[in-house]
Amino acid sequence: MSDLAHAVSALRRFNRFHTRLVGALGGSLLGSGFTLTEARVLYEIATRDGWRAGDLAKELGLDPAYLSRILKRFAAEGWLLRARSASDGRALSLHLSAAGRAVFAPLDEASQAEAAGRLRALDETQRARLVAALTEAETLLSGASAAQDPAPVIRPHRPGDIGWVIGAHGRIYAEDYGWDIQFEAFVAEIAARFLREFRPGLEQGLIAERDGQILGSAFVMRESDETAKLRMVIVDRPGRGLGLGKALVREAIRFARAAGYRRMQLWTNDILHAARAIYVAEGFKLIAEEKHHSFGQDLVGQNWELVL
């Protein structure tokens, strides 16, 4: 099966699952007496006052004659009002009456409760994964520009993050630099020590995230009362070009200063040019370097320090 055929099969399978999940195959959504299409039309008019019928038909991809029949039913029930459009006096805009809003409210509440009930079965990490997957699917299938994506945020680490950090290091350094699995083991040991010996207020994991998708990380770890170590700094491909490496390092420095450290140190290798450029820009100074053979490669390790 070709890649396209496999993708077509997967999308059709998900469509079948989703129509069953939301009750699209039945004649009454959540026992409301509305079909799925009628409920969607009601929702649009309730949440965005002033639709014109032609625009609403285009937005929902409905045949105008079919939409007209739905609107006539709503009007006959006393749920729909029509008024001259403020932007075009020749057109009529659509509004829900008080009776229409009274009908919409319990339907909206039932839909919210039904969705919340399904999501309560998932833990926090699973919900974050679901949000990220749904957002990614919407972006890819709609052709929305990446420029429309919300800005990433940097948050403290939480349970479940460290697995991503270890996996991202192993995957990215293998793909970009040919490092073997010993590097992933090396990062896993650092990560395990961070979790095992974590000192709140003196240590911090920083996670860059957008719509539930982790894009990068940086960790501040205590070396001594006066010295903090900057470790496990990485930005995955979807987060590159957004300035996240610089933002993560700056937030780590800010945390270290606030925690009372007098200096911050880090270890890196001379081939990591983008990372080294960030360290130089933030004021780190090279204090030592030496050749070594690690992770299946001949490398030049470097120690850098920033006086805080």
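In the predicted model, the second largest pocket has a volume of about 710 Å³. Its lining comprises 35 residues, and those lying nearest the centre of the pocket are Tyr173, Val233, Ile234, Leu272 and Ala275. Two or more lining residues are given by each of helix 7 (161–177), helix 8 (181–196), strand 7 (227–235), helix 9 (244–258), strand 8 (263–269) and helix 10 (273–281). Strand 7 supplies the largest share of this lining, with 6 residues. By residue class, the lining of the second largest pocket divides into 23 nonpolar, 8 polar and 4 charged residues.

Leucine 272, one of the residues nearest the centre of the pocket, belongs to the loop between strand 8 and helix 10. Leucine 272 counts as buried because its relative accessibility is 8%, where the cut-off for burial is under 20%. The C-alpha atoms of leucine 272 and aspartate 49 are 54 Å apart in space, with a sequence separation of 223 residues. Helix 8, which also contributes to the lining, contains alanine 185. With a relative accessibility of 33%, alanine 185 is classed as partly exposed, since this class covers values between the 20% limit for buried and the 50% limit for exposed residues. Alanine 185 and leucine 230 are separated by 45 residues in sequence and by 18 Å in space, C-alpha to C-alpha.

Strand 7 is also part of an open sheet of 7 strands, arranged in the order 4-5-6-7-8-10-9 with mixed pairing. The edges of this sheet are formed by strand 4 (153–156) and strand 9 (285–294), each of which pairs on one side only. On average, neighbouring strands of the sheet are turned by 25 degrees against each other, direction ignored. At one edge, strand 4 pairs with strand 5 (residues 204–210) in the antiparallel sense over 4 bridges. Within this pairing, arginine 155 stands opposite isoleucine 207 of strand 5.

Further along the order of the sheet, strand 6 (residues 213–222) and strand 7 run antiparallel and are joined by 6 bridges. The connection between strand 6 and strand 7 is a hairpin of 4 residues. Glycine 216 has valine 235 of strand 7 as its bridge partner. On the other side, strand 7 and strand 8 run parallel, joined by 3 bridges. Lysine 229 stands opposite glutamine 265, a residue of strand 8. Together with helix 9, strand 7 and strand 8 make a right-handed β-α-β unit. Strand 7 is mostly covered, as 9 of its 9 residues are buried. In a regular strand, side chains alternate between the two faces of the sheet.

Two loop residues associated with the strands of this sheet have an unusual sign of phi for their residue type. Most residues other than glycine have a negative phi. Aspartate 211, by contrast, has a positive phi near 50 degrees, and this residue lies in the loop between strand 5 and strand 6. Aspartate 211 is partly exposed, its relative accessible area being 33%. Phenylalanine 295 likewise has a positive phi, near 60 degrees, and is placed in the loop between strand 9 and strand 10 (297–307). Phenylalanine 295 is buried because its relative accessible area is 10%, against a cut-off of under 20%.

A further open sheet is formed by 3 strands in the order 1-3-2, with antiparallel pairing. Strand 1 (51–52) and strand 2 (80–84) each have a single partner strand and stand at the edges, so one side of each is left without a neighbour in the sheet. Strand 1 is joined to strand 3 (residues 92–96) by 2 bridges, and these two strands run antiparallel. Arginine 52 has serine 93 of strand 3 as its bridge partner.

Technical notes. Residues numbered from 1 in each chain as written. Predicted model: local features only at pLDDT ≥ 70, side-chain atom pairs only at ≥ 80, totals over all residues. Heavy atoms only, no water. 1 Å grid on protein atoms, 1.4 Å probe; cavity = no way out; pocket = protein on both sides within 12 Å on 5 of 7 lines; lining within 4 Å. Points joined across faces, edges and corners; volume = space filled by probe spheres on them. Nonpolar A, V, L, I, M, F, W, Y, C, P; charged D, E, K, R; others polar. Pairing = 2+ DSSP bridges. Axes fitted to C-alpha atoms, helices over the stretch in contact; angles between N-to-C directions. Buried < 20%, exposed > 50% of the residue type's maximum accessible area, 1.4 Å probe, protein only. Right-handed = clockwise from strand over helix to strand, strands pointing away.
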